[in-house]
Each structure stands twice: as C-alpha cells, then as structure tokens.
Amino acid sequence: WHVYDATLWIAADAYAPDATLALDIRYAMDIRGADLSSRSIEEMRKLGHRDPVRLARWEDAMRRVFPDIRAGERLVGVHLPGREARFYNQQGLIGAVADADFARAFFAIWLDERSSEPALRRRLLGLPE
C-alpha cells in the first residue's frame, strides 16, 4: 500500500535531532485522525517510549489536533526544539502540542536511526541507500 509521500525541510545545513524542521506528508489515501494518532503511539512505543500516562496524554493531544485526512491532502508538522510541535494542513495551523518531549518523540518516528521505515529515513535525510 502506498500511504503517503514525505518531504523533510530543515533550517540547518544538516539534520540534528533537536533541529528546527518541517515534515510535509501528502497522503495517498484517506486516513482517520484517530488512526493516525494510534499509529503514532505504536511507533513511539517501538522507539522506547513506555510510560502509559505520558503516551495516553500524547495520544489525546494528537486526537485533538489531527483531522480526518482525505487522499491528496497534506499534514505538515513543524518541530520547534525545546518547545512544541505545530501541525498545519491546507487551511493553515490546525493545532500544536506544547511538549518538547512529545515533539522529539513524534519526529523520531521518521528520523530516528531505529525508525520502522529505514529506507524512507535515508531518503528524507539524503543518506546513501
């Protein structure tokens, strides 16, 4: 299944985990915001986030921010290090999660060395296959 295409924009010369960046995802299929939130939590767990209270808080925050997405629509996440993650769609800002740990964990889904999608990570970061 082709679920989405992604583009990474960074403000620095190279990626660093605590860099200002934007991850632009264009979805190829309809996806419910609640499903996107649940899947994000699954990926965060795989990366070692295990505190159930924190994960529940993060999932609730994403459920409030993420809309249902139709094929062809975009979701852009912006990482503001030490502050928050902001999310935009075609209409503009749709919400933010003002939690620096959440922001780092959310973008790690795609950018951490342990990502479940290593080929996508390499493409996003411009690394050799």
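## Just past α1

Right after α1, Gly 48 adopts a positive phi of about 105°. Keep in mind that this is a predicted model.

## The helix itself

Let's back up to α1 (33-46). Its 14 residues, at 1.5 Å each, ought to cover 20 Å, and since the C-alpha atoms at its ends sit 20 Å apart, expectation and model agree.

Which residues of α1 are buried? They are Gly 33, Leu 36, Ser 37, Ser 40, Ile 41, Glu 43 and Met 44. Looking down the helix axis, these buried residues fall within an arc of 165°, so they line one face of α1. The background is simple: an α-helix has 3.6 residues a turn, so residues three or four places apart point the same way.

And what do the buried residues of α1 pack against? Their partners are two strands, β2 (21-27) and β3 (74-80), along with the helices α2 (52-65) and α3.

## The largest pocket

Now for the empty space. The largest pocket holds about 460 Å³. It is lined by 19 residues, and those closest to the centre are Val 3, Tyr 4, Arg 39, Trp 110 and Glu 117. Three elements, α1, α3 (100-111) and α4 (118-125), each supply two or more residues to this lining.

So α1 turns up here too: with 4 residues, α1 gives the most to the lining of the largest pocket. Sorted by class, the lining has 10 nonpolar residues, 5 charged ones and 4 polar ones.

Terms used. Residues are numbered from 1 along each chain as its sequence is written. This is a predicted model: local features need pLDDT of at least 70, side-chain atom pairs count only at pLDDT 80 or more; totals for chains, interfaces and linings use all residues. Side-chain values use heavy atoms; hydrogens and water are left out. On a 1 Å grid over the protein atoms alone, a cavity is a set of points where a 1.4 Å probe fits but cannot get out, and a pocket is an open set with protein on both sides within 12 Å along at least five of seven lines; lining residues have an atom within 4 Å of a point. Grid points are joined across faces, edges and corners, and a volume is the space filled by probe spheres set on the points. Ala, Val, Leu, Ile, Met, Phe, Trp, Tyr, Cys and Pro count as nonpolar, Asp, Glu, Lys and Arg as charged, and the others, Gly among them, as polar. The expected span of a helix is 1.5 Å times one less than its number of residues. Buried means under 20% relative accessible area, exposed over 50%, partly exposed in between (1.4 Å probe, protein chains only). The arc is that of the directions from the helix axis to the C-beta atoms. Contact means heavy atoms within 4.5 Å.
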